[in-house]
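Trainee: I would like a close look at a single part of this model. Please take me through the place where the two chains meet, and then the sheet behind it.

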2 protein chains.
Amino acid sequence: MAPGNIYLDHAAATPLDERVLEAMQPYFSELFFNPSSPYQPAVAVRRDYEDAKDRLAHCIGAKGDELVMTAGATESINLAFSGVSGHVVTSNIEHDAVLKAAACHDHTLVKSDERGRINAADVQKALRPDTQLVSIQLANNELGTIQPIRDIAAMIREERTRRLERQDATPLYLHTDASQGVGYLDVNVARLGVDMVTINSGKLYGPKQVGLLWTARSVKLIPQIVGGGQERGLRSGTENVAGTIGFARATELVTATQKSESQRTASLRDKAEKELTSAFPSAMVSGHRKHRLPNFLHISFPSIDAERLVFALETNGVLVATGSACAANKGTRSHILAAIGLPPDVADGSLRLSFGHLSTDENTTQAVKHIIDAVRTEQERQK
Amino acid sequence: MAPGNIYLDHAAATPLDERVLEAMQPYFSELFFNPSSPYQPAVAVRRDYEDAKDRLAHCIGAKGDELVMTAGATESINLAFSGVSGHVVTSNIEHDAVLKAAACHDHTLVKSDERGRINAADVQKALRPDTQLVSIQLANNELGTIQPIRDIAAMIREERTRRLERQDATPLYLHTDASQGVGYLDVNVARLGVDMVTINSGKLYGPKQVGLLWTARSVKLIPQIVGGGQERGLRSGTENVAGTIGFARATELVTATQKSESQRTASLRDKAEKELTSAFPSAMVSGHRKHRLPNFLHISFPSIDAERLVFALETNGVLVATGSACAANKGTRSHILAAIGLPPDVADGSLRLSFGHLSTDENTTQAVKHIIDAVRTEQERQK
């Protein structure tokens with residue numbers, strides 16, 4: 001990144017942690033072997049790979065052989081949906097990958113409330129006798145709202161018990177896309193009570209194009225990519241040794257600093273929020289006030305064109321997103337902001353600020369100043 | 001790799017070229033942006049990504065927007081089969097990924113001859129009115145035998161013309177898995193006459209877990225991974241910027257040295273072949289004598305246990321494969337060696353030597369000496 005730039009888009013992409021690159025480096029060069037090769041140096045590489053999976057799994061309270069390594073969250077999500085032959089339930093504020101995967105099945109979209117939160121009771125109402133999968137994100141990628149996954153999991157356990165009691169063998173699994181949240185929230189699979197979890201390395205200072213799907217042992221999936229039978233036959237292709245080793249290191253690092261980094265980013269975020277809402281009393285902060293990722297700030301300046309803001313801010317080196325990174329580039333209005341009922345003129349004036357490793361007290365102060373200037377300039381222009 | 005090791009398994013994995021790592025490095029750190037983000041530095045990253053695809057495509061005489069970037073050859077192959085609703089034709093010596101993808105459809109396996117070569121006339125005989133896809137590898141991953149793709153392509157063009165004449169709209173495509181061969185053979189898609197090509201970055205000194213599927217514009221595929229709609233909607237998920245930039249650089253590098261490196265490795269291979277067959281008149285070299293990758297030597301020592309050879313050689317730092325890397329680790333006999341009719345006691349004594357960047361005159365001489373010693377020791381042991 002050019003010196004002087006202020007990056008406030010950690011939810012879209014994170015820079016690779018230097019310690020992660022260092023951990024990966026040997027596997028690019030001297031330890032480049034195919035882990036399926038029979039000679040000892042390759043066997044050692046396979047051991048390192050398995051060890052990395054164990055360490056990665058340990059961060060979420062799971063076992064290495066319960067992970068399927070993928071090329072990212074989108075592939076993981078698609079795999080999570082692969083075993084479904086019946087109905088699925090998800091929400092209307094999920095990431096495109098979940099919505100598109102759900103659209104391949106008979107599905108029901110549970111509606112978010114106006115703070116971007118999904119109610120467990122609403123999920124329960126959407127269940128049908130043939131529902132096989134519920135997929136609810138851990139935290140929303142645009143608003144940062146944290147979902148009540150434990151409540152949903154408890155409700156699903158009850159439904160499973162009822163099915164068992166009536167000797168109904170229809171499976172029912174809960175998948176959560178935890179792409180946003182690792183490093184800020186507890187993602188222990190047992191405590192969450194889920195059956196499948198998607199995690200994305202590229203969002204937590206790990207290498208891009210690496211992800212995982214954790215599944216409980218009971219979950220039955222259908223491989224999307226067949227071949228050599230790697231990853232328990234669920235995802236064929238030579239294993240991603242360097243990527244997995246980097247992913248493991250990155251997850252260990254963000255897990256170790258979860259508490260301090262949550263506090264640090266929350267304090268930066270709260271400061272930015274306070275200053276921006278003081279400067280612009282008409283500004284609207286979206287997302288849940290309490291159940292919100294500590295590093296997220298979704299703020300709307302009614303009647304202002306956020307795209308113009310982004311370009312104005314960029315000339316001052318401040319890099320922020322309008323809505324989600326996925327929707328941003330398509331000139332379409334975010335389905336998430338529509339779902340929470342934000343009026344179009346408010347939605348169109350929305351910035352998503354996401355704090356992280358590159359955020360400091362000093363550059364947050366500067367960024368806020370630039371945002372205030374940019375919004376004022378836009379307001380003046382419209383007079 | 002430990003100093004002193006002699007690597008003769010370039011067909012299983014190649015070390016990342018230093019120049020490739022250098023090209024990728026900025027995209028790990030300062031240029032880490034999500035290519036879908038709206039601010040200028042991210043837009044520049046998207047431009048670099050598209051530019052890398054253009055350069056990569058140029059190496060095979062294609063256009064960047066005809067490529068779908070994937071996580072490797074296995075994913076590419078699965079995608080190539082995705083559009084098929086009818087019958088497919090492939091051979092009995094393809095890689096597991098092709099065989100498993102074919103097994104999901106009504107399919108016919110054309111038999112290889114005893115040199116590992118597929119005859120275009122045999123492929124023609126296997127065609128049915130409902131055949132939609134023919135998939136034949138560019139070169140065999142165990143024997144190095146180069147397939148007559150141009151002849152097969154010409155035959156398929158004729159069949160397509162016949163279908164057109166009888167107003168039969170059933171599509172018929174030719175896919176080739178060129179995972180082995182780029183850097184040694186001409187992989188110009190127009191000259192080959194194919195409709196789809198799979199290439200694997202990890203086999204050509206590029207980053208692992210990166211591949212591509214090139215498709216002619218007429219080819220219709222069904223996405224396996226849905227979501228944000230990247231890669232023309234055929235493969236969703238944030239683009240692999242660093243991986244694609246590395247892949248492009250690696251492909252440019254091996255394409256530029258194709259002639260000299262082919263000559264160099266052929267000369268090392270021929271020397272090894274001559275010395276080994278002189279030392280062991282009973283040794284059998286498999287694969288086509290003329291149509292063979294210049295860096296491949298598949299040699300069998302009847303009645304010798306190749307696994308014991310691999311372990312004996314490894315203690316002297318010589319790293320070679322028994323059969324293919326994929327079959328090697330499973331304790332099963334290679335389907336390819338069975339297909340070419342190698343008797344079990346010959347097949348079980350097979351080594352695959354694959355030369356490449358790490359091969360030199362000196363270490364080839366040393367490796368041959370170690371192989372001769374190891375085979376002699378095994379022969380003595382059996383007396």
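Mentor: Here is a walk through the interface, followed by the sheet of each chain. Keep in mind that this is a predicted model.

Start with the contact itself. On the side of chain A, 58 residues are in contact with chain B, and 58 residues of chain B take part in turn. Together the chains bury about 4700 Å². Carbon and sulfur atoms give 60% of that area. In chain A, three residues lose the most area to chain B: A:F32, A:Y39 and A:Q209. Together they make up 15% of what that side buries.

Now ask what kinds of contact cross the interface. The count of salt bridges between chain A and chain B is zero. Polar contacts are present: the rule finds 15 residue pairs, with both residues at pLDDT 80 or more.

Next, see which elements of chain A touch chain B. Those giving two or more residues are helix 1 (18-28), helix 2 (40-59), helix 3 (73-80), helix 4 (96-103), helix 10 (306-315) and helix 11 (325-328). Helix 4 of chain A gives the most, with four residues. By class, this side of chain A has 27 nonpolar, 19 polar and 12 charged residues.

Turn to the sheet of chain A. Seven strands form an open sheet with mixed pairing, in the order 2-8-7-6-5-3-4. Strand 2 (67-70) and strand 4 (106-110) of chain A are the edge strands, and each pairs on one side only. From one strand to the next, the twist averages 20°. Inside the sheet, strand 3 (residues 87-91) and strand 5 (residues 131-135) of chain A pair in the parallel sense over four bridges. Here A:T90 stands opposite A:S135 of strand 5. Helix 2 of chain A, one of the helices that touch chain B, also packs on this sheet. Helix 2 touches strand 2 and strand 8 (211-215) of chain A, and its direction makes about 110° with that of strand 2. Helix 6 (residues 149-165) of chain A packs on the sheet too, touching strand 5 and strand 6 (173-177).

Finish with chain B. Its open sheet has seven strands in the order 2-8-7-6-5-3-4, and the pairing is mixed. Strand 2 (67-70) and strand 4 (106-110) of chain B each have a single partner strand, so one side of each is left without a neighbour in the sheet. Four bridges join the parallel strands 3 and 5 of chain B. B:H87 has B:T131 as its bridge partner in strand 5. Helix 4 (residues 96-103) of chain B packs on the sheet, touching strand 3, strand 4 and strand 5.

Definitions and conventions. Residues are numbered from 1 along each chain as its sequence is written. Chains are lettered from A and ligands numbered from 1 in the order in which they are written. This is a predicted model: local features need pLDDT of at least 70, side-chain atom pairs count only at pLDDT 80 or more; totals for chains, interfaces and linings use all residues. Side-chain values use heavy atoms; hydrogens and water are left out. Contact means heavy atoms within 4.5 Å. Buried area is the accessible area (1.4 Å probe) that two parts lose on being put together, summed over both. A salt bridge is a side-chain nitrogen of Lys or Arg within 4 Å of a carboxyl oxygen of Asp or Glu. A polar contact is a pair of N or O atoms within 3.5 Å; within protein, one must be able to donate a hydrogen and the other to accept it, and residues adjacent in sequence count only if both atoms are side-chain atoms. Ala, Val, Leu, Ile, Met, Phe, Trp, Tyr, Cys and Pro count as nonpolar, Asp, Glu, Lys and Arg as charged, and the others, Gly among them, as polar. Two strands pair if DSSP finds at least two bridges between them. Axes are lines fitted to C-alpha atoms, for helices over the stretch in contact, and angles run from 0 to 180 degrees between N-to-C directions.
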